Amino acid sequence: MEHFKNVKDSQVVISELMLPSHSNFNGKIHGGYILSLLDQIAFACASKHSGAYCVTASVDTVDFLKPIEIGELVTMKASVNYVGRSSMVIGIRVEAENIQTGDIKHCNSSYFTMVAKDNTGRSVEVPGLILKTDNQIRRFAKSIKRKKMKKKRVQEFHETDFSSEQYLHILEDHKVKIERNS
Ligand SMILES: CCCCCCCCCCCCCCCC(=O)SCCNC(=O)CCNC(=O)[C@H](O)C(C)(C)COP(=O)(O)OP(=O)(O)OC[C@H]1O[C@@H](n2cnc3c(N)ncnc32)[C@H](O)[C@@H]1OP(=O)(O)O
């Protein structure tokens, strides 16, 4: 019988204070550091849902909406938005809080596709998802759409089938010069 789990059973929340050692030349928190934390929380969430070791297959969107300052308390909330056979889309929301004022800003949203694997490295089936709220249904449906759009884009721009002539008109309004030899 197929096994299903609740979204809340694998939700993960982490909070971390941003230190000067996490900053870039500009004095803001380094995006690469945030990406590393995102990968870890996606791993934890996916492993909790699947009960298996998980690898990152792709990072679909990482929008850096607002810079994060040194001294802010960053909180990341991760949940499973979608499950396939062995893949899971983990949605992560990042907020930063100014501890003195209590102001909270939404800094980042991202979607990680994680794949569950067994000890031999083969992808393994993950439990289904029980959707209890409109938001959970919205996120699952949005993930299906995003997957379909990605598949279409990959097919459309496949190296071997791509014909540039069909796309030259799209480039007309852009800052490019075409200087082909052939
Ligand atoms: C419990 C133990 C504790 C241990 C405690 C260790 C602590 C540790 C600290 C953790 C810290 C963080 C850790 C993060 C995890 C890494 O950072 S992992 C390192 C980075 N990632 C990798 O190296 C992955 C490399 N790639 C691969 O292994 C394979 O290409 C993949 C992604 C597994 C796919 O393999 P495949 O042979 O194509 O598998 P296949 O069965 O065809 O597809 C499997 C699924 O993947 C999906 N898929 C494949 N490619 C893609 C893609 N590009 N985009 C989206 N989906 C894809 C397929 O659609 C399919 O989905 P389902 O239909 O099954 O739902």
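**A tour from Tyr82 to the ligand**

Start by selecting Tyr82, which counts as buried because its relative accessibility is 12%, below the 20% cut-off. The model on your screen is predicted, so read each value below as computed from that model.

**Stop 1: the ring beside Tyr82**

Add Phe140 to the selection. Phe140 is also buried, with a relative accessible area of 17%. A pair of aromatic rings is described by the distance of the centres and the angle of the planes. In the model there are five aromatic pairs. For Tyr82 and Phe140, the ring centres are 4.9 Å apart and the planes meet at 45°, so this pair is tilted. Now colour strand S4 (residues 73–83) and helix H2 (residues 134–156): Tyr82 belongs to S4 and Phe140 to H2, so the pair ties together parts that are 58 residues apart in sequence.

**Stop 2: a stacked pair**

Select Phe162 and Tyr167. These two rings form a stacked pair, 4.9 Å from centre to centre with 25° between the planes. Is each partner buried or partly exposed? Phe162 counts as partly exposed, at 34% relative accessibility, while Tyr167 is buried, at 14%. Next add Phe157: ring pairs link Phe157, Phe162 and Tyr167 into a cluster.

**Stop 3: a charge over a ring**

Select Arg146 and Tyr111. The charged end of Arg146 sits over the Tyr111 ring, 3.8 Å from the ring centre.

**Stop 4: the ligand and its shell**

Select the ligand and show what surrounds it. The shell has 17 residues, and the closest are Arg85, Ser86, Ser87, Lys117 and Ser123. By type, the shell residues divide into six nonpolar, seven polar and four charged.

Which elements should you colour here? Helix H1 (31–50), strand S3 (53–64) and strand S6 (104–117) each supply at least two residues of the shell. S3 gives the largest share, six residues.

**Stop 5: polar contacts with the ligand**

Zoom in on three side chains in turn.

- Ser87: a polar side-chain atom lies 2.6 Å from an oxygen atom of the ligand.
- Ser58: an N or O atom of the side chain is 3.3 Å from a nitrogen atom of the ligand.
- Lys150: an N or O atom of the side chain is 3.4 Å from a nitrogen atom of the ligand.

Finally, show the surface of the ligand. Taken alone, the ligand exposes 1300 Å², and the protein buries 47% of that.

Conventions
Residues numbered from 1 in each chain as written. Predicted model: local features only at pLDDT ≥ 70, side-chain atom pairs only at ≥ 80, totals over all residues. Heavy atoms only, no water. Near = heavy atom within 4 Å. Polar contact = N/O pair within 3.5 Å; in protein donor to acceptor, adjacent residues only side chain to side chain. Areas by Shrake-Rupley, 256 points an atom, 1.4 Å probe, with all protein chains shown as cover. Helix = DSSP H or I, 4+ residues; strand = E, 2+ residues; numbered from the N terminus. Nonpolar A, V, L, I, M, F, W, Y, C, P; charged D, E, K, R; others polar. Phe/Tyr/Trp six-rings, centres within 6.5 Å; stacked < 30°, edge-to-face > 60°. Buried < 20%, exposed > 50% of the residue type's maximum accessible area, 1.4 Å probe, protein only. Lys NZ or Arg CZ within 6 Å of the ring centre and 35° of its normal.
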